[in-house]
Each structure stands twice: as structure tokens, then as C-alpha cells.
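Here are some short exercises to help you find your way around a new structure. Try each task before you read its solution.

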Amino acid sequence: MSSEHSRKALAPVVVAAIGVVFGDIGTSPLYALKEIFNGHHPIPVTPDNILGILSMIFWSIMALVTLKYVSVIMRADNRGEGGSLALLSLITENSRNRVVTWAISLLGIFAAALFYGDSMITPAISVLSAVEGLEIISPDFKRFVIPITLAILTVLFFIQKRGTGVVGLFFGPVMVGWFGVLGVLGVMEIARHPEVLAALSPLYAIHFIGSHTGLAFLALGSVVLAVTGGEALYTDMGHFGRYPIRLAWFGFVMPALVLNYFGQGALLLNEPGAIESPFFHLGPHWAMVPMVILATLATVIASQAVISGAFSVARQAVQMGFLPRMLIVHTSGKEQGQIYVPFTNWTLYLAVVALVIGFKNSSNLAAAYGIAVTGTMLIDTVLVAFVMVLLWRWHWLKVVLVAGAFLAVDIAFFAANALKIPEGGWFPIAMALVSFTVLTTWRRGRRLVRRELAKQGIPMQAFLRTLCDDVHRVSGTAVFMTSAKEGVPAALLHNLKHNQVLHERVALVTVETTDTPHVNEFDRIYLHRMDKGFLRIIIRYGFMEDPDIPQALETCRRFGEPFDMMETTFFVSRETVIPGVVGRNINPWRARLFSIMSKNATSATDFFKIPNNRVVEMGTQLVI
């Protein structure tokens, strides 16, 4: 009975995972084989080449997705969460070597930056490749492809603020239908030309690589299109769990993808002219319009999954101190993961529109696609190698064999995609470098700000000793938000200097983000009573949680320190950052960038959900 109940509970999770996790890799059949044989570095459409390419695609899927991500990397979860930043936190939490920690941090941050570059291209190439199916119906529709693509993407980004809860209900069933169609179309064509199944043997890939080494290397740059989105299996693990994702992959998604690729190959063996769009030529002519509609729906869902992933990474980056505070809107009162980040949304939208207009078709975009994905995969291999050593305690020989094999494959794919840099691959790299600069500048700037505040601070015990009894104490509670866990906040000193009063009870509250995704409620609050009515309170949140200070202070009741919001005043300090002399602590241009980011950060009042009518904001100037 219990097993039957668990199966019933598992089914909706698996369907939901199919709708969200596999959207990117699931829409790759639209353009992968087409780009290999008809792209910027076309491979001659001959039977031997077709079988060799199919074999390369199949074994790339098996090596990079099935073996690397599904079987190995998904074991490296951070309390159930996946993704580059979660992996980074897991390593830094267990590493004791400062140099290693620093290097790994830079790699993890750059992987997150590459994700942003990738998340800009995915919606553009996915939706554009689906709408291009109209050209197969009639060449007259060609002039409508870009306007229709832009209209679909505009609607998609504009509805983000309304949340994806309702639309999300259809994600799973639509994608189940999509993968079902992929499999059926593939089986129908394979039945006509079963000889194509011979390409399941790796010998065909080996023979193709051996006899056409140069062509095979160029082909790798497009073969990678068949595995783009494979890293999403690990990134989205926290939403659905390891087992449902693995079950969906092995039981449904992977067979459907392989069947469709081999179906397209079987079609090309018989009709080489179908290379203009092998996916859409798989089906009967009467089904062309429904296929275009279904493909468009699937690509919209794939784009939605990438956009939601970008929102999630942005929130993690804010919580971990890599980005300034920004507005994060929860679009569902029930589902914690459904969030909307306006700045990220509109930045992505502008980039996607620029890509569609600038590159004009999916083939040109394919030239830019892949470099960010292979870069992320390469970094993930390096990071998981450290996990093998630090957490799993594998023997060094086992680490070298496993991680070394993955690394060799990743380097080959990355090198092949590096050839795309002049043809458009520069775009995701440029976006990644911009994101990396922003992330590291903010982290460096915040460290310098904390250092300057510490210099200006006064030890708490010394302050309490010098605090005179004749200082006027008013009724109520004052909460001073401070980033330092020691010393006296500058806002408190300014308030005492200018107003010459203190509240009866003074709480110094620090919010701390841990290296774990979530924090147990019993470990959330640390409260220390000091003399003369002072409290030191540290509130801990995981990097996947959103701070709510009033709610957290409510739990202090169990320590005998209740907080009545109507009798509590929050003092918040806003630092005005002034760039210092050249070469003092940070490059002047980075100091100016940090200053601009600091000025445009969401106020602490909104970010920490503090009632606006209970806040006093005090400014201070800092030179970094």
C-alpha cells in the first residue's frame, strides 16, 4: 500500500520535472542535426558521415549527460540543491586551504556568469528555430519569422511578473506530449530504414573521427548542441530531487531524444535534401502546422525554464554576497521557488531581442551557442573533482581516471566551440566576462566596506563601560541592522550623538547567509544578552531562502525576548561609497562601479521586509 502511494506521489513530480528540467535539451532536435550538416561548417551528407555523426551524438549524450551529470555529478548535492554556486558552497565549506578556496571561488563565480550568457541565447535560438518551421510550410512566411519570434518572446518576458504557477500546470503535460511526438516520429522513420541503428556502435564514431579528423573536430562544435541543457539536470535537482529526474531521463526523455535523432538520420539516408530541416520533414506534410505549434510551445517552455533558472541564480548570488540587494518578488504564496526578479528579467529580455535581431536565424545563433555550455561543463568537472577528493575521499587514482576522462571530453568540446568565437561565440563570453566583473567587484567592495566599518567601530564592551547612566532612555525597542557581528554599529553612534537618547532595549541584528540552501528553524536565531539592555542577535538564512526580519524576531519569544512591531524602531544605515586614491584597495573604475551598484541596490527596508513606518535610515560615507 505504501509503495503504491509513493508511486502515485512520484508520478506528478516526474511529469513536472519533464516540463521544467528537460526543456532545453528536449528542443535540441529542432536544430542540432541541421546545424551539423547544413551550418557554418557543413559535413557532407553521405551515409558514412550520417552514421558517424549519429554515433557521436549518441555517445556524447551517454558520456556527458547520462554518465557525467546523471550518474556522478548529481551525487554532489548541497543538502539537496544543485548548480555551480551550490557546488561552490559545498567545496568552500569543506576546504581548509585558502589558495584552493580562492581559486575554486573564482571558478564557481565564472560558471554562474557563463550561465547568464547561456540563458540569453537559449530563448532566442529555441523559439526562433521553432518559428522557422513556417518557412517549410511556405517560403512566403520567411519575412514573418523574426516578427513572430519577437512577439512570442515579448509576451513571455512580460508575463513573468504574474508568475508561472498557472502556466506551469501545463508545462509537464505539454512536454510529455512533445517527447512522445519526438519518439513516435523517430520510430516511424527508423522502421523504414532500420540500418541506421548500426550507429549505436561506437565503432562508427571512432571510424569517422579516424578517417575525417578535421571534419570530426569541426562537427564537435555542433554535436554539443545535442547535449545543451544537460547541466540543467543538476541545476534543477533542488526543485524535484535526484530520483525523479533520473527516472524521467532513463525512462522517457533519453529514449525519445535518441529515437528522434536516429529517425532524422534515417530520413537523411533516404532523402539527403531534407537537411534544410530534418526535424520538420520527419512528419507528414498535413501535420506541419500542428508540429510548428507544438514545437513553439515546447521552446517557450524551455525558455521559461531557463528564465526561472536565471532568477534562482540571481537570488543565490544576492544571498551569497555576489550581487547587491535587488527586488525579488514571490509570485506564489505556496511555492517558495516561484520568484520574479525584475532586473534580471528585463536584462535578459533586451539581450534576447538584440540576439534575434542581430543574428537573424537559428543557424547564426548556433554559431554563438555552445561555448558557454561547454565552459560551464568544464568548470563543473573541475569542481566535482574537488568534491571527489574533499567529500567522497576517493583514491587519487580513481579521481584521475574518472575526472580526467570527463575533463578530456570537456576540453575537446570546448576547443571545438572555441572556433565559433569569431562567428558569434564572442557574445556569451563577453556577457560572462561582464557578469564575472560585476560579481567579483561587488564581493570585493563589500569586503572593503566591512573593513572600513570595522576600523570606525568601537568594541562593544568598551562602549558599554563608557555608557553613562544619565543617558536618556526612552521606552520601546531599537533594532540596529549591522553587517558586523562585533563592535558598535555606526548608526547607533550617530543616533546617540545627534539625538542623545537610547531605547530601553537595544538589539544589534546581523543577517548571516550560510553555505547551506536552508537553515533549520531551531538554528536560525543566535541571541546573546549584554549589559544595560543590549542584545546581540544573529539571524541565519540559507542561500536559497529570503530574509524576513520581523518574522525571525517573532521567534525570539522562545528566548523570553518578544518583539512588538508597534513598539520597535528599526535603524538602518545606508553607506555612500567614495572611491579612494589610485591603487589603494581596488582599481578606481571598479570602485566607481561598486559605488553605482551600491546606490542602485534595493533598500535594506524592502529586502528584509521591515515595515516602512518603523524605519529610521541614517547615512554614512566610506572611502574604499
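## Exercises with worked solutions

**Exercise 1.** Which residues does Ser222 contact beyond its neighbours within four places in sequence?

*Solution.* A word before starting: this is a predicted model. Begin by finding Ser222 in helix α11, which covers residues 213–223. Next, look at its surroundings: leaving aside neighbours within four places in sequence, Ser222 is in contact with Glu35, Ile36 and Lys420. Finally, check the exposure. Ser222 has a relative accessible area of 9%, and buried means under 20%, so Ser222 is buried.

**Exercise 2.** Describe helix α4 by its span, its bend and its surroundings.

*Solution.* Start with the span. Helix α4 runs over residues 47–72, 26 residues in total, and reaches 35 Å from first C-alpha to last, close to the expected 38 Å. Then trace the helix for a bend: a kink of about 30° is centred on Thr66. Last, consider the surroundings: 19 of the 26 residues of α4 are buried, so the helix is largely enclosed by the rest of the structure.

**Exercise 3.** Is Trp396 buried or exposed?

*Solution.* First locate Trp396 in helix α20, residues 396–418. Its relative accessibility is 59%; exposed means over 50%, so Trp396 counts as exposed. Now look around it: Trp396, Leu397, Val400 and Leu401 form a nonpolar patch on the surface, together with about 450 Å² of accessible area.

**Exercise 4.** How many salt bridges does a search of the whole structure find? Examine some of them.

*Solution.* The search finds 11 salt bridges. Let us take three pairs in turn.

- Step one: Arg192 and Glu189 meet through their side chains at 2.8 Å, N to O. Both lie in helix α9, three residues apart, about one turn of the helix. Glu189 counts as buried, at 5% relative accessibility.
- Step two: Asp546 and Arg315 form a salt bridge at 3.2 Å, N to O. Asp546 lies in the loop between β6 and α24, and Arg315 in helix α16, so the pair ties together parts that are 231 residues apart in sequence. Asp546 is buried at 16% relative accessibility, and Arg315 is buried at 2%.
- Step three: Glu512 forms a salt bridge with Arg540, the closest N and O atoms being 3.2 Å apart. This pair links strand β4, home of Glu512, to strand β6, home of Arg540, 28 residues apart. Arg540 counts as partly exposed, at 27%. To finish, add Lys485: with Glu512 and Arg540 it is linked in a network of salt bridges.

Methods. Residues are numbered from 1 along each chain as its sequence is written. This is a predicted model: local features need pLDDT of at least 70, side-chain atom pairs count only at pLDDT 80 or more; totals for chains, interfaces and linings use all residues. Side-chain values use heavy atoms; hydrogens and water are left out. Patches are made of residues with over 30% relative accessible area and no salt bridge: like charges are joined within 9 Å, nonpolar side chains (Val, Leu, Ile, Met, Phe, Trp, Tyr) within 5 Å. Accessible areas come from the Shrake-Rupley method with a 1.4 Å probe; for residues, only the protein chains shown count as cover. A salt bridge is a side-chain nitrogen of Lys or Arg within 4 Å of a carboxyl oxygen of Asp or Glu. Helices (H or I, at least four residues) and strands (E, at least two) are DSSP runs, numbered from the N terminus. Buried means under 20% relative accessible area, exposed over 50%, partly exposed in between (1.4 Å probe, protein chains only). Contact means heavy atoms within 4.5 Å. The expected span of a helix is 1.5 Å times one less than its number of residues. The bend at a residue is the angle between axes fitted to the seven residues ending there and the seven starting there.
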